[in-house]
Amino acid sequence: MIDHFAIVEKEIDIPAMLDAARRPDCGAIDLFVGTTRVDESSGSLVEYLEYEAYRPMADRKLAQVGEEIRERWDVGYVSIIHRLGRVEPAEASVAIVVAAPRRGAAFEASRYAIERIKEVVPIWKREVWSDGYVWVGSQVRTRPPG
């Protein structure tokens with residue numbers, strides 16, 4: 001089975017990701033889903049998130065993360081899907097599925113994937129609060145530091 005990496009502008013189909021990961025040679029499937037959390041700070045609330053990306057590089061970097069996982073762990077399948085655009089509270093912005101013969105490799109590879117995505121994939125998050133917004137990972141903000 002071929003690994004799957006995608007950047008989408010619609011809801012992530014998590015059941016389909018899990019179905020694609022099922023393999024007779026893998027006894028573990030680890031699923032990580034990053035969702036929008038309603039934070040509260042200084043009397044304000046996160047209303048939603050917006051994601052933007054530099055697509056040509058972001059697509060390549062997601063695949064690179066998959067290659068790095070295959071170099072480090074014995075895995076049977078890796079899928080990473082990241083969403084762009086507006087993401088409402090409790091909706092998924094990123095999902096990672098790793099199938100491996102053993103659970104340790106599946107857990108470790110999944111954790112590695114989300115940390116590497118944050119390090120190397122050019123996807124930016126704008127937190128839209130009830131009193132302004134903050135670009136996470138940049139210096140652009142309209143709301144006072146909380």
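Two strands are taken to pair if DSSP finds at least two bridges between them; helices (H or I, at least four residues) and strands (E, at least two) are DSSP runs numbered from the N terminus. In the present structure, β3 and β4 form a hairpin with 2 residues between them, and Ser42 in the turn has a positive phi of about 55 degrees. The structure is a predicted model, in which local features need pLDDT of at least 70 and side-chain atom pairs count only at pLDDT 80 or more, whereas totals for chains, interfaces and linings use all residues. Residues are numbered from 1 along each chain as its sequence is written, and side-chain values use heavy atoms, with hydrogens and water left out.

Within the hairpin, strand β3 (residues 40–41) is joined to β4 in the antiparallel sense by 2 bridges, and Glu40 has Leu45 in β4 as its bridge partner. β4 also runs antiparallel to β8, to which 7 bridges join it; here Val46 is partnered by Trp129 in β8. A further antiparallel pairing, over 3 bridges, links β4 with strand β6 (residues 85–87), where Tyr51 stands opposite Gly85.

An open sheet of 4 strands shows mixed pairing in the order β1-β5-β7-β2. β1 (4–8) and β2 are its edge strands, each pairing on one side only. β1 and strand β5 (residues 77–83) run parallel and are joined by 5 bridges, with Ile80 in β5 as the bridge partner of Phe5.

Helix α1 (residues 14–21) lies across β2, β5 and β7 at about 15 degrees to β7. α3 likewise lies across β2, β5 and β7, but runs at about 145 degrees to β7. Angles run from 0 to 180 degrees between N-to-C directions, and axes are lines fitted to C-alpha atoms, for helices over the stretch in contact; contact means heavy atoms within 4.5 Å. Helix α2 (residues 55–72) packs against α3 at an angle of about 145 degrees, with the axes 10 Å apart. Among the residues that meet are Leu62, Val65 and Ile69 in α2 and Ala109, Tyr112 and Ile117 in α3.

The largest pocket (an open set of points on a 1 Å grid over the protein atoms alone, where a 1.4 Å probe fits, with protein on both sides within 12 Å along at least five of seven lines) is lined by residues having an atom within 4 Å of a point. Its lining comprises 23 residues, of which Tyr51, His82, Ser93, Lys118 and Lys125 lie nearest the centre. β2 (28–35), β4 (44–53), β7 (92–100), α3 (103–120) and β8 (123–129) each supply at least two residues of this lining.
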